[in-house]
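Me: I am new to this structure. Please take me through the terms used for it, and show how each one is earned.

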Amino acid sequence: MYQHTLFGAYINAIILLLLQRVLLLVASDVDALCACKILQALFQCDHVQYTLVPVAGWQELETAFLEHKDQFKYFVFINCGANVDLLEILQPEEDTFFFICDSHRPINVVNVYNDTQIKLLVKQDDDLDVPAYDDIFRDEEDEEEDSEDESDGSEPSEKRRRFEEVCCTGRKVTLQMWLFLHFRREILFDYEQYEYHGTSSAMVMFDLAWIMSKDLNDMLWWAIVGLTDQWVQDKITQMKYVTDIGILQRHVSRHNHRNEDEENSLSIDCMRIAFEYDLRLALYQHWSLYESLCNTSYTSASLKLWSVQGQKRLQEFLADMGLPLKQVKQKFNSMDVSLKENLREMIEESANKFGMKDLRVQTFSIHFGFKNKFSASDIVYATTSLMENIEKEDSETTNFIKALDSLSRGNLDKLHQGLDLAKKQLRAIQQTVASCICTNLVISQGPFLYCSLMEGTPDVKLFSKPVSLCLLSKYLLKSFVCSTKNKRCKLLPLVMAAPMDVEQGTVIMVGIPPEVESSDKKNFFGRAFEKARGPQGAVLPAGPGRCCPAGSVHASSTDSPGGLSPASKRCLPAQKPQTIIELKTEDRSKFLDALISLLS
Amino acid sequence: MEPAEVEFLAEKELVTIVPNFSLDRIHLIGGDLGPFNPGLPVEVPVWLAINLKQRQKCRLIPPEWMDVGKLEEIRDQERKEDTFTPMPSPYYMELTKLLLNYASDNIPRADEIRTLVKDTWDTRMAKLRLSADSFVRQQEAHAKLDNLTLMEINTTGTFLTQALDHMYKLRTNLQPGESSHSQDFW
């Protein structure tokens, strides 16, 4: 159950009484990295020993758990593990404890209702919409009437397994039980249909630090970066983003109010965070304004920069603002001060004329020392590109640790390296998007759009990593929506494929929800991919996929391929929803056909 | 002596902190510390203060001489006098460096303090160099300097003594034939 405020007490108990070590399993995204940093700082304050294991998918999670389960009793999962039945998959001992801090929703009902071994870290006001306990699990007395099991455990997972056995073996069931099972199926179906994201784990961790009175400006900054990562990757709605920004703004004023006080102002080396209503242009302060305008998805899609008319519109846009081309093409820091002064208001005014209404966004920026000023989204881009760096042949763990290090203030060289890599990545994304649109690579398959990158495409190696491919697909969908005239196509979701490993002949596929103004960012591709793959991995046994938002099919479950009956699908081994999967190249067309028939 | 050794000695100085935890008296070899009560100031050595600060368990209170007005006075005094003036603490340089590195958010106007202390240090080093120079030039036998701190002595100490040594050897070798024991000096 929810164990928010007691987590601090638990950790104190750990160090003072038990002196146990803790295993941290951290997923590979920037939000998880930030949450991990905050937790590491808290551990260091109290000298708690921990081991950090980065995981990039379900396989790695299971392997890491199996390797370490003898040595550790306390496991902390950051941004992984909430949306599956952990007890069933990992089969832990009785005295192991799992602490889960995950922004993926919906949280698996077993995880929610387990009282002993699983502790979830969620914010009080995060609405989980969990179905009531009585609707899903039955009491013991009723059970004992129907089955002759002597087990007395009240573990919800055991109960659920027993129900599955009952319905699978086709025993004679009473009408009451049948109704219960029917309603239960419906409720669970609705609950687990779409997947989305809740509050960022970094913010939850910062909340924890605040409750323990150990919050620092550094941790607040990491919480901000975690939230901005969710926004950059389009995982949360605009409304939620603005609400969370408001929450963080209160903390920022609490920590940084001394900056206005002239008498006792802080040393220039101290870190200051400031709230800004900044431009939405990626990395514009570390690049030239022109490059930033060309390589940000919002501006590039609105101005349609892949076409010749688009380029002309860009020139018109710049002329409208009165910015000379020469100024705009040089490094931002070297631009004329007179031009930089009112830049934001000028750009916003002109942008409104050109149909870009949301060019400014509420965000935070940090500065320390005389030279170092970064905006939150800069850090997000830099860290993502460090984490998925393909330039050197380092292992994934090395890249993870490097990205983790770059979040500390002392490692500015790594941060600058990350910024350079991010610029390359953004440029590559824009060029790929432009070529896809110009060569009409995005085709409508009926219920969804599909685009596949060929092996010889320049920079295609960059897109063999999940987060980069996700970014590419979101930008592609945005641009496609702006470029197409077909009204129906504008509302379709997108499935994107790119070669993952040429030697092994695998392909990485990702599915994202449609690009609509009032989108609630709920994704059904996880369940859809799972079903299209088949029960035993008819296409391929589950490769390293990421636990991303998933949802089930909106068609009725009786239509699932392979003739799976509704009852039997519940007998499957624990499902692992994944919106990003790995396939063998030859299985790709079969998978697509299965997916099309599933969704139509 | 290495500068690190001098800093180690400086870390024994006492400084006031305000802890946010509670702990009974602890008995260490060098003496007793504590008891620690949240919100009540207590005096601890600098090494413990820095450690607690890094673990976010306390707030440091700067020593009373670490104040812009006082340091300005000291700096002006130092510039006026020809000899060395007494310093507020025998380890003023090390303490400034340690406290400003780790606890600059607890010290108001930290940048100005850093500049003032550096100015004072520079003035004193200049005086030291000047007096060493005149000492050597006039071939004095001994000199007396008041109010020098260990760190300042340490910066010139080794060099000065070795240089004087060499000069003595060179000087004795200038008188040839008088002693055939010159080789014994090597």
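**Salt bridges and burial**

Reply: Start with chain B of this predicted model. The side chains of Asp133(B) and Arg137(B) meet in a salt bridge, at 3.1 Å from N to O.

Me: Why is the pair Asp133(B) and Arg137(B) called a salt bridge?

Reply: The cut-off is 4 Å between a side-chain nitrogen of Lys or Arg and a carboxyl oxygen of Asp or Glu. The N to O value for Asp133(B) and Arg137(B) is 3.1 Å. That is within 4 Å, so the name applies. Both residues lie in helix α5 (residues 110-137) of chain B, four residues apart, about one turn of the helix.

Me: What makes Arg137(B) exposed, and what is Asp133(B) called?

Reply: Exposed means over 50% relative accessible area, and buried means under 20%. Arg137(B) has 61%, so it counts as exposed. Asp133(B) has 37%, which falls in between, so it is partly exposed.

Me: How do you know that Glu396(A) and Lys465(A) form a salt bridge?

Reply: Their closest N and O atoms are 3.9 Å apart. The limit is 4 Å, so the pair qualifies. Glu396(A) lies in helix α20 of chain A, and Lys465(A) in the loop between β12 and α22 (466-483) of chain A, so the pair ties together parts that are 69 residues apart in sequence. Glu396(A) is partly exposed at 46%. Lys465(A) has a relative accessible area of 16%; that is under 20%, so Lys465(A) is buried.

Me: What does the salt bridge between Asp320(A) and Lys353(A) tie together?

Reply: The closest N and O atoms of this pair are 3.1 Å apart. Asp320(A) sits in helix α15 (residues 308-321) and Lys353(A) in helix α18 (residues 343-353) of chain A, so parts 33 residues apart in sequence are tied together. Asp320(A) is partly exposed at 35%. Lys353(A) is exposed at 58%.

Me: How many salt bridges does the structure hold over all chains?

Reply: It holds 32. There is also a network of salt bridges that links Glu276(A), Asp278(A), Arg344(A) and Lys373(A).

Me: How do you know that Phe332(A) is buried or exposed?

Reply: Its relative accessible area is 8%. Buried means under 20%, so Phe332(A) is buried. Phe332(A) is found in the loop between α16 (325-329) and α17 (337-341) of chain A. Beyond its neighbours within four places in sequence, its contacts include Tyr284(A), Trp287(A) and Leu343(A). Gln285(A) is in contact too. The C-alpha atoms of Phe332(A) and Gln285(A) are 5.6 Å apart, though 47 residues separate them along the chain.

**Sheets in chain A**

Me: Why are β2 and β6 of chain A said to stand at the edges?

Reply: The open sheet has five strands in the order β2-β1-β3-β4-β6 (chain A), with parallel pairing. β2 (50-54) and β6 (118-120) each have a single partner strand, so one side of each has no neighbour in the sheet. Neighbouring strands are turned by 20° against each other on average, direction ignored.

Me: What makes β3 and β4 of chain A a pair?

Reply: Pairing needs at least two bridges. Five bridges join β3 (residues 74-78) to β4 (residues 97-101), so these parallel strands of chain A pair. Phe77(A) has Ile100(A) as its bridge partner in β4(A).

Me: Which strands does helix α2 of chain A lie across?

Reply: Helix α2 (residues 30-45) lies across β1 (22-26), β2 and β3 of chain A. Its direction runs at about 165° to β1(A).

Me: What makes β11(A) and β12(A) a pair?

Reply: They share two bridges, in the antiparallel sense. At least two are needed, so they pair. Ile443(A) stands opposite Tyr450(A) in β12(A). Their open sheet has the order β11-β12-β13-β14-β15 (chain A), with mixed pairing.

**Between the chains**

Me: What makes Lys57(B) and Asp46(A) a salt bridge?

Reply: Their side chains meet at 3.2 Å, N to O. That is within 4 Å, so the term fits. The count between chain A and chain B is one salt bridge. The area buried between these chains is about 1,000 Å².

Definitions and conventions
Residues numbered from 1 in each chain as written. Chains lettered and ligands numbered in written order. Predicted model: local features only at pLDDT ≥ 70, side-chain atom pairs only at ≥ 80, totals over all residues. Heavy atoms only, no water. Axes fitted to C-alpha atoms, helices over the stretch in contact; angles between N-to-C directions. Contact = heavy atoms within 4.5 Å. Buried < 20%, exposed > 50% of the residue type's maximum accessible area, 1.4 Å probe, protein only. Buried area = accessible area lost by both parts, 1.4 Å probe.
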